[in-house]
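Student: Could we go through the strands and helices of this protein together, one question at a time?

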Amino acid sequence: MALAGRAALRWGARLPSPGPAAAPLCRPAWLPAACGRPYSSRGKEEIDMSTYPVESIRNFSIIAHVDHGKSTLADRLLEITGTISKTDHNKQVLDKLQVERERGITVKAQSASLFYNHEGINYLLSLIDTPGHVDFSYEVSRSLSACQGVILVVDANEGIQAQTVANFYLAFEAQLSIIPVINKIDLKNADPERVEKQIEKLFDIPTDECIRISAKQGTNVEKVLQKVIEKIPPPQCNTADPLKALVFDSTFDHYRGVVANIALFGGEIAKGHKIVSAHTKKRYEVNEVGILTPNEQPTHKLYAGQVGYLIAGMKEVTEAQIGDTLFLYKQPVEPLPGFKSVKPMVFAGMYPVDQTEYNNLKSALERLTLNDSSVTVHRDSSLALGAGWRLGFLGLLHMEVFNQRLEQEYNMSVILTAPTVPYKAVLSSAKLIKEYGKDQITIINPAQFPDKLSVSEYLEPIVLGTIVTPHEYIGKIITLCQDRRAVQKDLLYIDENRVMLKYLFPLNEIVVDFYDALKSLSSGYARDKAYAAGKLLCEHLKETIPRQLFEIAIQAAIGKKIIARETLKPYRKNVVAKCYGGDITRRMKLLRRQAEGKRLMRKIGNVEVPRDAFIRVLKRETDK
């Protein structure tokens, strides 16, 4: 079974309480092998890109559900075109990040230029391999902006799954040519006929247009290349037009500054050209242009319709905005539409373990968010953890991968608080409306929740979720969705064994444990969960806060309502130890005097929660 969420996010569901998705090869002698250093192109002969006019260019992406074989297909395409040498070690060649190789998934779209001869004509094919998980759908939508077509890969065993549907509609809405490919036909339980019928029923694509392949064994993969040339149109642009280049991705190099991935929608660009950013209005001189094969390969020029990279001395991460338009100095053009701003689904606080590392973490965040522009960053502070940031992510996996990249690529250790979702509050207090300047506010930090007496209603985010499952689980899944306050919008049998369900879910109900609950089928509502979470947090704090000479009450509250409490007992001196015999009144007098002293200490005493205690609580909450 699989689950995907559409990027659209709606507000409007009322909360029950205020609680917190083999033809001849044309391989020039200068084409680099797949191995070697990431930047080893100096001294190599530059490629003459003028030999590839717009008519012989095809720009396309590979899209699919997770683990349907996108990266394996990309490896075979690179081998067939001679872009990389054919060896047994070619696995996830385009997955360059350590986190991608460790997890076995694509989290960052990667491009490569392929050279292929078909019927005597040399073609330039620009391939972009995209992620399959719903948390990285922004990478997919950005990649599609540089393409005129897509290869839609579907597993012959699993069939159409949730993210297959979501990615299809991204390509369909962008009006791109779609080539359906059924992969893994070599598997024992493969059923390509069933998958072809699913594709025809859901996407209205005739079964005879589907290409059956085995990317692992290379079966029929060359037919995919031929179909790309025949079905995907060349870019609609002209070299004679003024330069108009779209920045659709970028990375930061410590020595060369920003390396921008660009798609040319007009004109040409070469080393030495003076260019201007439509976003910042700053002027730059181009130091290097080139293509990715998949390593950087400098070229003399890039022309309209081609996809490549550009280095222009941008030293600050804020200078390279994803979606920016670049044009020649004194030849301004109408900026390209760019990209829709992404809506974060999950928020979490991020703080340095040691506050002396604040500036280093700030620099690391700026550089990593340049490469992952779907993350939103707002400054934040905590009494317990000090200065930090409130980060917005597209999902839990996105948050985990971002944190892992910080550690692996920038050697930064951070404290990440428990994930939350944004809420809205409709204010009823005239004082608060005047203070905020509006009657509706968005809350991304639980500590900022206004008192319920000042709020007429709370609103929570709603997402459209798609579940594809074998029909035998449908009853249990419907029950689970109802327990999570979901509203059913559609139920469709895509074949005799599989069902596609569409539900409107409160985001808070699915963001943390819904995937696990699909198997374990647990249930609960907002206040019940708040009580359990509050009680657990109080218990952890009780174990980690040092005891004092007076009693400490540890409470969890929603607004002004206390929902859980634990008491930390004080240290107690045996004041009657020196009394041997004698009148009982003396013992009682000493005990009363001790009790009065502890009451006084409770009034004037301060409790400092050690930072390491707070960190231990957060870690235990994460490991739970």
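The questions below take up the sheets, then the helices, then one covered strand.

Tutor: Before we begin, note that this is a predicted model, in which local features need pLDDT of at least 70 and side-chain atom pairs count only at pLDDT 80 or more, while totals for chains, interfaces and linings use all residues. Residues are numbered from 1 along each chain as its sequence is written, and side-chain values use heavy atoms, with hydrogens and water left out.

Student: Which strands are the edge strands of the open sheet of 8 strands?

Tutor: Helices (H or I, at least four residues) and strands (E, at least two) are DSSP runs numbered from the N terminus, and two strands pair if DSSP finds at least two bridges between them. The order in this open sheet is β12-β11-β17-β8-β9-β16-β13-β14, with antiparallel pairing. The strands that pair on one side only, and that are therefore its edges, are β12 and β14 (296-299).

Student: Which residue of β12 stands opposite lysine 274?

Tutor: Strand β11 (residues 274-277) is joined to strand β12 (residues 283-285) by 3 bridges, and the two run antiparallel. Their hairpin has 5 residues between the strands, and there lysine 281 takes a positive phi near 65°. The residue of β12 opposite lysine 274 is glutamate 285.

Student: And which residue of β17 stands opposite serine 277?

Tutor: β11 also pairs with strand β17 (residues 325-328), in the antiparallel sense and over 3 bridges. Opposite serine 277, the residue in β17 is leucine 326.

Student: In the sheet of 4 strands, what is the order?

Tutor: This open sheet is antiparallel in its pairing, and its edge strands, each pairing on one side only, are β19 (376-382) and β21 (414-416). β19 is joined by 7 bridges to strand β20 (residues 386-393), which runs antiparallel to it, and arginine 379 stands opposite tryptophan 389 in β20. The full order is β19-β20-β18-β21.

Student: Which helix packs on that sheet?

Tutor: Contact means heavy atoms within 4.5 Å, and the helix in question touches β18 (346-352), β19, β20 and β21. Its direction makes about 15° with that of β20, where angles run from 0 to 180 degrees between N-to-C directions and axes are lines fitted to C-alpha atoms, for helices over the stretch in contact. The helix is α7 (residues 358-371).

Student: How are α1 and α6 oriented to each other, roughly parallel or roughly perpendicular?

Tutor: The axes of helix α1 (residues 70-80) and helix α6 (residues 221-231) come within 10 Å and cross at roughly 80°. Angles under 35 degrees count as roughly parallel, over 145 as roughly antiparallel, 65 to 115 as roughly perpendicular and the rest as oblique. The crossing angle therefore makes α1, relative to α6, roughly perpendicular.

Student: Which residues make this contact?

Tutor: From α6 the contact takes Val221, Glu222 and Leu225. From α1 it takes Leu73, Arg76, Leu77 and Ile80.

Student: Which span does α4 reach from its first C-alpha to its last?

Tutor: Helix α4 (residues 162-173) has 12 residues, and the expected span is 1.5 Å times one less than that number of residues. This gives an expected 16 Å, to which the model comes close, with a span of 17 Å.

Student: How many residues of β6 are buried?

Tutor: Buried means under 20% relative accessible area, with exposed over 50% and partly exposed in between (1.4 Å probe, protein chains only). Both faces of strand β6 (residues 177-183) are covered, with Ser177, Ile179, Val181 and Asn183 on one side and Ile178, Pro180 and Ile182 on the other. The number buried is 7 of its 7 residues.
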